[in-house]
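Visitor: Please take a close look at one helix pair in this structure and describe how the two helices pack.

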Amino acid sequence: RRQALMIYKDKPSQTLDGHRVTLLANVGNLNEISHITDVGAQGIGLFRTEFLLMNAKALPDEQQQYKLYCDAVHSLEGNVLTIRTFDIGADKEIPCLTQDNEDNPALGIRGIRYSLTHPRTFITQVKAILRAASHGNIRLMFPMVSQVEELEAAFVLIEQAKAELIEQQKSFGSISYGIVVETPAAVLNLPSMLPHLDFISIGTNDLTQYTLAADRTNPNLAKEYPPLSPAVIQLITLTISHCKQTDVSVSLCGELGSDPQVLPLLIGLGLDELSINPTSFLDVKVALIKGNYQQYVEHAQHVASLTRIDDIAKAINAFAHDYD
Ligand code: PEP
Ligand code: MG
């Protein structure tokens, strides 16, 4: 099947009626980067950097990280590399870092919260990324940001990182800044945060967990509390609308974007960029190019009007089958 899909690799990422969409890939380690060029992704929309820490005896230093980000950006040959700073918390056991035990790690010191309480770890990573940015097209993205104070604090540390690089006479490139929108508070606070940002990416895995108060790792909750539920769809819609009122570009990097059946909804809601699992990449691309944008918009309006999870699932399914 994968072989049969390869004929779509070099086709333009656009609907039958010519609506263009940027299709990027999610990557969780260096080896996966070669797969994404195999399937023709236009770059990386989410580079999860935690793999650097998982089995490390010591925190990789600035030079080690710099080399690695350079390798990644070089292998992309000019395409965008969106690096997410370490998204760590007490749910991930990382031997080389100090972490307090927490009763509710998902609600604890994770993502940007960890970075702001461990500024040296953050500054080291940011310095390595800024330096790698002089070799290619890099965007920097922060996980779990919910309010503008966190963003302001992060930018203070970024200024400090730049000052240190200047002091050390190390050159660095310019970078775009974004956040993963993955809490309901982040969605509601976008008007105060967007002036600080160049792009955002919707993280539907955590956005679903925090909106529905349903642990994303609990299999007993997966069916009744899916991302395709009315509250999550409303938050996605609101996010897109806030971004479209500004110049901030909006993408989606949660697993929802890797489901070809959901593609018409996401594009119809107004997303012009998705970041997809490499294994689903070509399936999603095929879903994009076989339909008309205008029909995706009508389908999305219909789905957004539904208030029941089962009706939403049926509508998504029926639309996908009409296209088969
Ligand atoms: C998300 O939360 O949707 C996301 C993309 O990040 P992760 O799955 O790594 O938390
Ligand atoms: Mg997340």
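Guide: What follows covers the chain in outline and then one helix-helix contact.

The model is predicted. The chain has 15 helices and eight strands. Its radius of gyration is 20 Å, close to the 20 Å that the globule rule gives for 324 residues, so the chain is as compact as a globular protein of that length. The C-alpha trace spans about 60 × 45 × 35 Å along the principal axes. Of the 324 residues, 43% are buried. Taking contacts between residues at least 6 apart in sequence, 71% join residues at least 24 apart.

Now the pair itself. Two packed helices are described by the angle between their axes and the distance between the axes. Helix H6 is formed by residues 119-132 and helix H7 by residues 148-167. The two pack at an angle of about 60°, and their axes are 9 Å apart. That angle makes H6 oblique to H7. The crossing of H6 and H7 is right-handed.

The contact can also be read residue by residue. On the H6 side, it involves Pro 119, Phe 122, Ile 123, Val 126, Lys 127, Leu 130 and Arg 131. These meet Leu 157, Ile 158, Gln 160, Ala 161, Lys 162, Glu 164 and Leu 165 in H7. By type, the residues of the contact of H6 with H7 comprise nine nonpolar, one polar and four charged.

How values were computed
Residues numbered from 1 in each chain as written. Chains lettered and ligands numbered in written order. Predicted model: local features only at pLDDT ≥ 70, side-chain atom pairs only at ≥ 80, totals over all residues. Axes fitted to C-alpha atoms, helices over the stretch in contact; angles between N-to-C directions. Helix = DSSP H or I, 4+ residues; strand = E, 2+ residues; numbered from the N terminus. Parallel < 35°, antiparallel > 145°, perpendicular 65-115°, else oblique. Left-handed = near helix turned anticlockwise from the far one by under 90°. Contact = placed C-beta atoms within 7 Å. Nonpolar A, V, L, I, M, F, W, Y, C, P; charged D, E, K, R; others polar. Rg over C-alpha atoms; globule rule 2.2 N^0.38 Å. Buried ≥ 20, exposed ≤ 12 C-beta atoms within 10 Å, placed from the backbone.
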